[in-house]
Amino acid sequence: FQPKFAIDTQQLIGAEVLSRIYDSEGNMMLPSVYIPVLEKTGLISHLDDYVIRHLIDEMREWEEKQLDYPVISVNMSRVDFIEPDFLKKIDEYVEEKKVPKSKLEFELTETTFCENFQLIVEKIEWLRSQGYRISMDDFGTGYNSLDVLGTVSVDVVKFDRAFVLHSLKHPKGIKLLRGLIQMFQNINFEIICEGVETKSEEELVYRCGCNAVQGFLYDKPIRRNDFVEKYL
């Protein structure tokens with residue numbers, strides 16, 4: 001889990017679930033190593049299903065312990081929306097475990113919409129109609145983000161760290177970042193800036209109008225037991 005925080009209150013407002021794989025010698029592999037392989041071989045849905053179901057089990061435990069936990073987000077791939085009944089089975093598992101759907105947020109990147117656009121849009125609308133939250137991840141890294149956001153209903157837009165850092169280096173970039181944040185907030189998108197690592201970065205994104213951040217300034221991704229003990 002990697003926590004998300006509000007700048008003004010310095011309080012926990014959410015967390016993102018991330019996967020890690022360890023090899024036979026106990027060395028940790030980052031997602032950038034194994035995710036492309038799983039996507040290329042068509043096995044990515046197996047990982048997504050595993051992570052999502054373990055998250056739902058974890059949330060069930062929190063419910064039973066009456067812990068006050070925030071919205072938890074989890075990444076989904078394009079294949080999950082193409083795979084027959086993938087979303088329906090996840091929804092059935094959520095209902096079986098009696099986990100609040102409003103506490104579960106699915107993160108998508110714009111590459112999700114590269115193929116089967118209309119089908120994916122319809123399934124996103126279905127997820128939102130069931131009470132789940134949707135976020136657009138890695139905004140600013142591609143070329144079609146604005147076009148996608150003009151068509152697809154999402155709750156949250158996550159600004160990519162590279163885009164944020166590049167924008168903060170130049171006066172025009174800061175104006176652009178401030179303008180985008182204000183525009184998105186005017187149409188009721190929540191905004192979060194990823195990869196905030198220093199107090200100066202935090203101050204600049206806050207001055208641009210973004211109050212929600214995720215990054216090493218607050219905490220790195222930590223094991224779920226550590227997350228519970230530290231934050232819940």
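# Helices and their neighbours

Ser45, Asp48, Asp49, Ile52, Arg53, Ile56, Asp57 and Arg60 in α2 meet Phe86, Lys89, Ile90, Tyr93, Val94 and Lys97 in α4. Contact here means heavy atoms within 4.5 Å. Helices (H or I, at least four residues) and strands (E, at least two) are DSSP runs, numbered from the N terminus.

You're looking at a predicted model, where local features need pLDDT of at least 70 and side-chain atom pairs count only at pLDDT 80 or more, while totals for chains, interfaces and linings use all residues. Residues are numbered from 1 along each chain as its sequence is written, and side-chain values use heavy atoms, leaving out hydrogens and water.

## Exercise 1: α2 beside α4

Work out how α2 and α4 are arranged: roughly parallel, roughly antiparallel, roughly perpendicular or oblique?

**Solution.**
- Start with the description: two packed helices are described by the angle between their axes and the distance between the axes.
- Now the numbers: α2 (residues 44–64) and α4 (residues 86–97) pack at about 15 degrees, and their axes are 10 Å apart. The axes are lines fitted to C-alpha atoms, for helices over the stretch in contact, and angles run from 0 to 180 degrees between N-to-C directions.
- Angles under 35 degrees count as roughly parallel, over 145 as roughly antiparallel, 65 to 115 as roughly perpendicular, and the rest as oblique.
- So α2 and α4 are roughly parallel to each other.
- By class, the contact of α2 with α4 has six nonpolar, one polar and seven charged residues. Here Ala, Val, Leu, Ile, Met, Phe, Trp, Tyr, Cys and Pro count as nonpolar, Asp, Glu, Lys and Arg as charged, and the others, Gly among them, as polar.

## Exercise 2: α4 beside α5

Find which residues α4 uses to meet α5, and how the two helices lie.

**Solution.**
- On the α4 side, pick out Leu87, Lys88 and Asp91; they meet Lys123, Trp126 and Leu127 in α5.
- That contact holds three nonpolar, no polar and three charged residues.
- The angle between α4 and α5 (residues 117–129) is about 10 degrees, and their axes are 11 Å apart.
- α4 and α5 are therefore roughly parallel to each other.

## Exercise 3: the two faces of α9

Decide which residues of α9 are buried, and which exposed ones sit on the face turned away from them.

**Solution.**
- Here's the scale: buried means under 20% relative accessible area, exposed over 50%, and partly exposed in between (1.4 Å probe, protein chains only).
- In α9 (residues 199–207), Glu201, Glu202 and Val205 are the buried residues.
- They cover an arc of only 100 degrees around the axis, which puts them on the same side of α9. The arc is that of the directions from the helix axis to the C-beta atoms.
- Flip to the face turned away from the buried side, and you'll see exposed Lys199 and Arg207.
- The buried residues of α9 pack against α7 (161–168), β9 (190–194) and β10 (212–214).
- After α9 comes Gly209, with a positive phi near 110 degrees.

## Exercise 4: Leu168 and Phe184

For each of these residues, say where it sits, whether it is buried or exposed, and what it touches.

**Solution.**
- Leu168 is in α7. At 11% relative accessibility, Leu168 counts as buried.
- Leaving out residues up to four places away in sequence, Leu168 touches Ile174, Leu177, Glu201, Leu204 and Val205.
- Take one of those partners: Leu168 and Glu201 are 33 residues apart along the chain, with their C-alpha atoms separated by 7.8 Å.
- Phe184 belongs to α8 (residues 171–186). Phe184 is buried, at a relative accessible area of 2%.
- With residues up to four places away again left out, Phe184 touches Phe139, Leu146, Leu149, Val157, Phe159, Phe189 and Ile191.

## Exercise 5: positive phi in the loops

Where are Gln66 and Asn188, and are they buried or exposed?

**Solution.**
- Gln66 is in the loop between α2 and β5 (71–75). Its phi is near 55 degrees, positive in a residue other than glycine.
- Gln66 is exposed, with a relative accessible area of 73%.
- Asn188 is in the loop between α8 and β9. Phi of Asn188 is positive too, about 70 degrees, although this residue is not a glycine.
- Asn188 counts as exposed, at 68% relative accessibility.
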